[in-house]
Amino acid sequence: MSYARRVAYNTLAQIIGRVFTTITSLATVSILNGILRPEGWGGYVAVTTYLGFFSVLADMGLNLLYLRELSRKPEEADEVTSRFLGFRLFTATVVLLIAAPLIGMLIPAYQPFSSAILLMAIGQFFLTMNQVCVTVVQARLMMDRAMISDLVGRVAILAGTVYVGMQVAEENRFLAAITVVVLGNALNMVVSWLFTRKLVRFRPRFLLQEWPGIFMQVLPIGAMAVLGMIHFKADSILLTLYRPEIEVGIYGNAYKVLEIIITLPAMFVGGLFPEMNQLIQRGSDGLHGLMQKAFDLLVFAAIPVVTGIVLFAPHIIAVLTRNYIPESALSLRIVAFAMIPLFIGTLMAHALLATEKQKQLSIVELVAVILNIGLNVYLIPKYSYYGAGSATVITEVLTTVITTWLTIRVLGFYPRLRTVVPALVGAVCMAAMYFFIRKVGGDIWSTHYYDWSHAQQAGLLLLVIAVSGAAYVVPFFLFKQFPPVIQERLYARFK
């Protein structure tokens, strides 16, 4: 298989895999909303947000450095993997299994969740160690294997969550649900290891004399990742400190949707990262072409996602929570506008990382953290979850503007906006179709929808999203303005 075909296959595998994992994740969130009391769901969001920060701290940016080394030295994959595995095992143990539970015991807001934090820390440890296996298949452009292992783990979590709802007493469901996550993450790691051991031979090597050098290499990336996590999670953390758990849960409903969706650009651009590295190493002029194609696809995908969430937010929340929560729906509409800068910013940040501009990115993240924390401290006491969502949007827009400016300066890449106009026209068509369906449907959307069964709600929502999404692509067909990658495929298919 040619390199281009492998890249295309790798990207397609990630898209298909992400569709299925997104469905299982949303189903799990929906069930958790149903089996946990509002306070229990708020506690669950608080615990996962807290451990998410330590998970990033444990990674320290090691994943990108490891991927870069594998891309540059594929013939030394066994040795490189063994060295990085030993270092990651040490950092994950210290940060996740020791520091996270101990610090949680010292923070009053998290003291009631001490047992849950310890359990979730073990689950995050499994996910962190699993990243070694994921990076191996990513470097080999075999992400279908990572998708399979991830899906196996998520399906196990979904099945376990259903079991908890049916068989576990209500007062024990909180810890039982977290235990299910731990077991699902462990299964994910085991399946990944079974796939990876056929590609590389590795065992953890604890070369202490090399660790200072590795630490100095990952420090800029790690600092950037930690700062990014702080600015991305500061709203949820500060909500936990300032507001009651039920409000954390209300915002958590919206933020879970954002968290799931933003994995799409991260996985897509992450799949291009090895190729970016190789183009930069060879001094090839093809980097700008690759980035423009990626930019076009990200714009093509981001605008209908944001449009769809703004239109369907109440119905999405109803499916997720089995209840209509207007506060969560409005919060979701607010944070949706952070998705466009997040999609574009992911591409620009990876391009800068490929050129080893970690220090500049760290400064950008520091500015974003200071701004985000300041906005949240000011807005959350006054506006609660609405203030948190607004702070997220403002921060992401500023971060993407600065990152794009850095990309222009460092790489000389000026993104052409040829996809933006047809995408905006498509968004208008999408909205027009939605309002037409709503008018034809009468009271179905405004009243009866919320009285239907969960399965009926989900089915109708998917159907209307599909029809509205079809309206989005009409202008692209009429004016032949699809992103070049899609356009070439279509013309080759229907020629």
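Me: In this predicted model, what kind of crossing does α11 make as it passes α15?
Reply: The crossing of α11 past α15 is right-handed. The two helices pack with their axes 9 Å apart, at an angle of about 25 degrees.

Me: Why is α11 called roughly parallel to α15?
Reply: Angles under 35 degrees count as roughly parallel, and the angle here is about 25 degrees, so α11 earns that description.

Me: Which residues make the contact, and how do they divide into nonpolar, polar and charged?
Reply: From α11 they include Val299, Ile303 and Leu311, and from α15 they include Ala427, Met430, Tyr434 and Phe435. The residues of this contact divide into 13 nonpolar, three polar and no charged.

Me: What makes the pair of tyrosine 434 and phenylalanine 435 edge-to-face?
Reply: Their planes stand at 70 degrees, and planes over 60 degrees apart count as edge-to-face. The ring centres are 5.1 Å apart, which is within the 6.5 Å needed for a pair.

Me: How do you know whether tyrosine 434 is buried or exposed?
Reply: Its relative accessibility is 2%, and buried means under 20%, so tyrosine 434 is buried. Phenylalanine 435 has 47%, which falls between 20% and 50%, so phenylalanine 435 is partly exposed.

Me: Why is the pair of phenylalanine 300 and tyrosine 472 called tilted?
Reply: Their planes meet at 50 degrees; that is neither under 30 nor over 60, so the pair is tilted. Phenylalanine 300 lies in α11 and tyrosine 472 in α17, so the pair ties together parts that are 172 residues apart in sequence.

Terms used. Residues numbered from 1 in each chain as written. Predicted model: local features only at pLDDT ≥ 70, side-chain atom pairs only at ≥ 80, totals over all residues. Heavy atoms only, no water. Phe/Tyr/Trp six-rings, centres within 6.5 Å; stacked < 30°, edge-to-face > 60°. Helix = DSSP H or I, 4+ residues; strand = E, 2+ residues; numbered from the N terminus. Buried < 20%, exposed > 50% of the residue type's maximum accessible area, 1.4 Å probe, protein only. Axes fitted to C-alpha atoms, helices over the stretch in contact; angles between N-to-C directions. Parallel < 35°, antiparallel > 145°, perpendicular 65-115°, else oblique. Left-handed = near helix turned anticlockwise from the far one by under 90°. Contact = heavy atoms within 4.5 Å. Nonpolar A, V, L, I, M, F, W, Y, C, P; charged D, E, K, R; others polar.
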